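Thanks for coming, everyone. Please bring the structure up on your screens, and we'll walk through it together.

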Amino acid sequence: MQNNDWQFKFKKIMRDCQDEITKATVIGKKMITATQTNSELHSCYEELGKLAHKHLKAGLLEWENPRVDELLADIEKCEKDLAHIENQVQDIKKDNSEL
């Protein structure tokens, strides 16, 4: 009788473990899918933002919103900073090639 109780408890523990592993696997797959979807969403937002920026700059789109003006100014500053850094890097490369 004790042997049957032990076997029953062991099988129950094994079933419970298997159920938990199955749940964890399903949750893991869902999390991977969510991460991929979130990445795609980010890419869409980025592309939309770049398109809006391009059209705002070209005057094809008007958007009366102070935050948009702030973002456009930040983008312009970042672009100038990146161009300046790129020029500095090119100058450093030229100086090193002359050594």
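Let's begin with the cysteines. Searching the whole structure turns up zero disulfides. Remember what that term covers: a disulfide is a covalent bond between the sulfur atoms of two cysteines. The search needs two cysteine sulfur atoms within 2.5 Å, and it finds zero such pairs here. One word of caution before we go on: this is a predicted model.

So how accessible are the cysteines? Take C17. Its relative accessibility is 39%, so C17 counts as partly exposed. C44 has a relative accessible area of 45%, so C44 is partly exposed. C78 sits at 45% relative accessibility, and that makes C78 partly exposed. The band for that label runs between 20% and 50%.

Stay with C44 for a moment. C44 is part of helix α1. Now look back along the chain to D16, 28 residues away from C44. The C-alpha atoms of C44 and D16 are separated by 42 Å.

Next, the helix itself. How many residues does α1 have? It has 57, running through residues 2–58. From its first C-alpha to its last, α1 reaches 83 Å. The expected figure, at 1.5 Å a residue, is 84 Å, and α1 comes close to that. Just after α1 comes G59, which takes a positive phi of about 80 degrees.

On to the aromatic rings. Across the whole structure, the search finds one aromatic pair. The partners are W6 and F10, with ring centres 5.6 Å apart and planes at 10 degrees, so this pair is stacked. The cut-off for stacked is planes under 30 degrees apart. Where do W6 and F10 lie? Both are in helix α1, four residues apart, which is about one turn of the helix. Here is the general rule: an α-helix has 3.6 residues a turn, so residues three or four places apart point the same way. Is W6 buried or exposed? W6 is at 55% relative accessibility, so it counts as exposed. F10 has a relative accessible area of 43%, so F10 is partly exposed.

Now the other end of the scale. In α1, the residues A52, H53 and L56 are buried. Keep A52 and H53 in mind, please.

Last topic: the largest pocket. Its volume is about 330 Å³. The elements that give two or more residues to its lining are α1 and α2, the latter covering 66–97. How many residues line the pocket? There are 13, and G49, A52, H53, L71 and I75 lie nearest the centre. So the buried A52 and H53 of α1 turn up again in this group. The largest share of the lining, six residues, comes from α1. By type, the lining divides into seven nonpolar, three polar and three charged residues.

One more look at I75. I75 belongs to helix α2. Its relative accessible area is 33%, so I75 is partly exposed. Compare its position with G59, 16 residues away along the chain. The C-alpha atoms of I75 and G59 are separated by 16 Å.

That's the tour. I'm happy to take questions.

Definitions and conventions: Residues are numbered from 1 along each chain as its sequence is written. This is a predicted model: local features need pLDDT of at least 70, side-chain atom pairs count only at pLDDT 80 or more; totals for chains, interfaces and linings use all residues. Side-chain values use heavy atoms; hydrogens and water are left out. The expected span of a helix is 1.5 Å times one less than its number of residues. Buried means under 20% relative accessible area, exposed over 50%, partly exposed in between (1.4 Å probe, protein chains only). On a 1 Å grid over the protein atoms alone, a cavity is a set of points where a 1.4 Å probe fits but cannot get out, and a pocket is an open set with protein on both sides within 12 Å along at least five of seven lines; lining residues have an atom within 4 Å of a point. Grid points are joined across faces, edges and corners, and a volume is the space filled by probe spheres set on the points. Ala, Val, Leu, Ile, Met, Phe, Trp, Tyr, Cys and Pro count as nonpolar, Asp, Glu, Lys and Arg as charged, and the others, Gly among them, as polar. Rings of Phe, Tyr and Trp (its six-membered ring) pair if their centres lie within 6.5 Å; planes under 30 degrees apart count as stacked, over 60 as edge-to-face and the rest as tilted.
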